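Please walk me through the empty spaces inside this protein model, and then through the build of chain B. I am a first-year student, so short sentences would help.

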Amino acid sequence: MELYMSLSIGVLFAVGVYLILTRSLLRIILGTSLLTHGVHLLLLTMSRLKTGAAPLLGEKAAAYVDPLPQALILTSIVISFGVTSFFFVLAYKAYQKLGTDDMEQLRGQDDEQ
Amino acid sequence: MTNLAVLPIVTPLLFGVLLFFVRYRIRLQMGLATAGTLATLIFSALLAHTVSKDGIQVLHVGGWEAPYGIPLVADMLAAILVTISSVVTLACLLYAFHALDDERKRNYAFPLMMILLCGVNGSFLTGDIFNLFVFFEVMLLASYVLLSLGGGRIQLRETIKYIVINIIASSLFVIAIAYLYSITGTLNMAHIAQRIAELGQDGLTTTVSLLFLTVFGLKSALFLFFWLPGSYSAPPAPIAALFAALLTKVGIYSIIRTFTLIFPHQPQITHEIMMWLAGLTMLLGALGVIAYWRIKQILAYNVIVSVGFILFGVGVASEAALSGAVYYLIHDMIAKALIFILGGAIISIAGTDKLREISGLIHFRPILGWLFFLSALALAGVPPLSGFVGKVMILQGGVQAKAFVLVALGLLSSLLVLYSVMKVFINSFWGETLLSEGEEKSTGKGALLPSLILAALVVGFGLGAEEILAYVRQAVEPLVDPSIYIEAVLS
């Protein structure tokens with residue numbers, strides 16, 4: 001199971017990196033969110049995908065899945081939500097002000113204020 | 001056990017949250033922000049004093065014992081860095097009172113600076129690797145907003161680049177944590193270190209350590225510094241000074257912590273790579289330093305050179321070199337804030353940061369001019385000032401480790417740094433005045449108080465090197481012998 005997860009996480013990373021390397025800002029943001037999806041799945045996979053009950057003590061099971069990575073992922077998800085929403089607003093503002101979403105045209109010019 | 005270790009984190013957080021509620025009362029904001037930073041400074045100094053008396057202070061948050069809860073670990077290194085970052089933030093705040101426009105003051109600039117300090121202090125004090133990631137994000141989110149605050153064209157453009165780089169670096173950080181958790185099964189840094197020492201640092205662990213080096217190298221501008229010159233020249237001077245003094249230093253601290261505590265077992269691979277990256281950083285940074293004729297860019301590349309220099313000391317990893325690195329780290333936080341504040345004052349007086357258009361400021365701003373001269377000498381490491389001691393110890397360690405090429409690079413970069421800041425000094429302060437009295441864009445008076453505080457520290461740290469070195473030696477002890485740190489946390 002870990003193998004299939006690793007393969008699909010690899011695909012997510014590859015697509016994410018490809019999108020980040022493109023010129024359009026919106027595609028870059030999509031790339032970063034795919035990258036964070038891959039990261040969260042990796043956190044889940046790296047704690048081994050053993051079968052067990054959901055980590056609720058009311059389940060009264062013999063074995064539970066590891067609760068720690070789930071807490072880490074939850075933390076990481078809200079952080080990346082915050083960053084992504086800020087990034088979207090920033091991109092919107094930049095589009096209004098700079099009039100382009102093409103990264104090639106967002107290079108620095110020397111004598112601009 | 002006391003709660004002292006949590007106060008440098010909680011105090012700026014509390015005051016930061018408080019400041020959000022008094023948005024339109026700028027005077028009240030200024031008073032509260034000063035009070036909050038002063039309180040943080042007092043608590044940090046108290047913490048450093050306690051650590052020097054009673055050894056490493058560990059606070060198990062929530063009362064959960066070591067590997068299960070999050071510990072806050074204040075060893076001497078963390079305590080010193082927390083104290084210095086409070087001093088630097090205080091100076092930048094005092095400058096910001098004068099240099100920031102009302103628009104920015106109303107739009108949460110001060111609360112964000114407090115939150116930034118909270119993130120920085122938290123990163124220094126935490127003993128849990130995932131918690132370190134969270135405090136990194138606290139710091140970074142505040143820095144995104146501070147960087148883009150005001151919404152100028154350059155700021156928006158540079159924030160986009162800065163944010164993309166940091167999202168990628170943070171993703172790599174979580175990946176590295178996931179791998180490390182899969183190898184060791186724990187997140188507590190002392191516990192991780194213990195388990196890796198037991199298992200032995202095999203190829204897989206070394207690979208993960210290189211991933212950490214990449215992550216922290218991106219944050220601290222070690223060789224992977226391409227994002228830094230643009231981002232650090234976009235925001236207004238007080239915010240740039242805060243960034244230059246604190247942000248990269250957190251990355252350096254994380255490299256010091258991880259590579260002395262968790263991954264010290266394969267130095268022929270990891271530390272060798274780190275040293276060559278540091279050498280390249282010094283070289284490329286020094287090239288950038290001499291290449292430009294704009295104050296902002298020259299200062300930004302100066303940040304990069306010193307990062308390379310400190311990490312050269314960390315890479316050598318002998319006791320002398322580590323003491324030098326810690327001393328230079330402390331010096332550099334103060335000196336970078338000082339020179340960015342003075343650079344900001346020059347730019348605000350002349351109305352431009354192009355060196356060729358500024359001239360003869362010394363005729364009507366003598367104090368500012370001599371302060372700049374002093375800080376330029378301190379940056380280059382001229383003997384009575386604070387930059388000297390650290391530099392000598394790092395180079396001494398480098399010579400003992402027979403890394404002569406890198407020592408030569410270090411000396412060369414010092415020379416070029418001196419040339420670059422003297423270029424700024426000579427061009428902007430000497431020569432004929434282009435501006436007549438009353439024609440200058442601003443008085444630059446707001447920069448005097450904070451830069452006098454920082455300059456006094458620079459001189460004091462140079463003259464009182466014996467006293468400071470006693471603290472630095474205590475800070476280096478757990479770096480050379482990680483078992484001290486591990487026992488303090490896990491016992």
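The largest cavity has a volume of about 160 Å³. This is a predicted model. Sixteen residues might sound like a long list, but start with the ones closest to the centre: of the 16 that line the largest cavity, these are A:T36, A:S80, B:I167, B:S170 and B:S171. Both chains also appear among the elements that give two or more residues to this lining. Chain A brings α2 (25-46) and α3, while chain B brings α6 and α7 (153-184). What is the chemical make-up of the lining of the largest cavity, by nonpolar, polar and charged residues? Nine residues are polar, six are nonpolar and one is charged.

The search of the whole structure finds three cavities of 30 Å³ or more. Turn now to the second largest cavity, with about 80 Å³ of space. Its lining includes B:N302, B:F309, B:Y328, B:D332 and B:K391. Three helices of chain B each give two or more residues here: α13 (295-316), α14 (319-350) and α17 (404-429). The largest share comes from α13(B), with four residues. By class, this lining holds five nonpolar, four polar and three charged residues.

Next come the pockets, which are open. The second largest pocket has a volume of about 330 Å³. It is lined by 19 residues, and the closest to its centre are A:L68, B:P67, B:Y68, B:D128 and B:L187. Elements giving two or more residues to this lining are α3 (67-98) of chain A, plus α6 (129-148) and α8 (189-199) of chain B. Of these, α3(A) gives the most, with four residues. The lining has 10 nonpolar residues, seven polar and two charged.

Now step back to chain B as a whole. It contains 20 helices and two strands. Its radius of gyration is 21 Å, close to the 23 Å that the globule rule gives for 491 residues, so chain B is as compact as a globular protein of that length. Along the principal axes, its C-alpha trace spans about 70 × 55 × 40 Å.

How much of chain B is buried? Buried residues make up 65% of its 491 residues. Contacts tell us about the fold too. Take those in chain B with a separation of 6 or more: 81% of them join residues 24 or more positions apart. Finally, look at the surface. Chain B exposes about 16,200 Å², and carbon and sulfur atoms supply 66% of that area.

Conventions
Residues numbered from 1 in each chain as written. Chains lettered and ligands numbered in written order. Predicted model: local features only at pLDDT ≥ 70, side-chain atom pairs only at ≥ 80, totals over all residues. Heavy atoms only, no water. 1 Å grid on protein atoms, 1.4 Å probe; cavity = no way out; pocket = protein on both sides within 12 Å on 5 of 7 lines; lining within 4 Å. Points joined across faces, edges and corners; volume = space filled by probe spheres on them. Nonpolar A, V, L, I, M, F, W, Y, C, P; charged D, E, K, R; others polar. Rg over C-alpha atoms; globule rule 2.2 N^0.38 Å. Buried < 20%, exposed > 50% of the residue type's maximum accessible area, 1.4 Å probe, protein only. Contact = heavy atoms within 4.5 Å. Areas by Shrake-Rupley, 256 points an atom, 1.4 Å probe, with all protein chains shown as cover.
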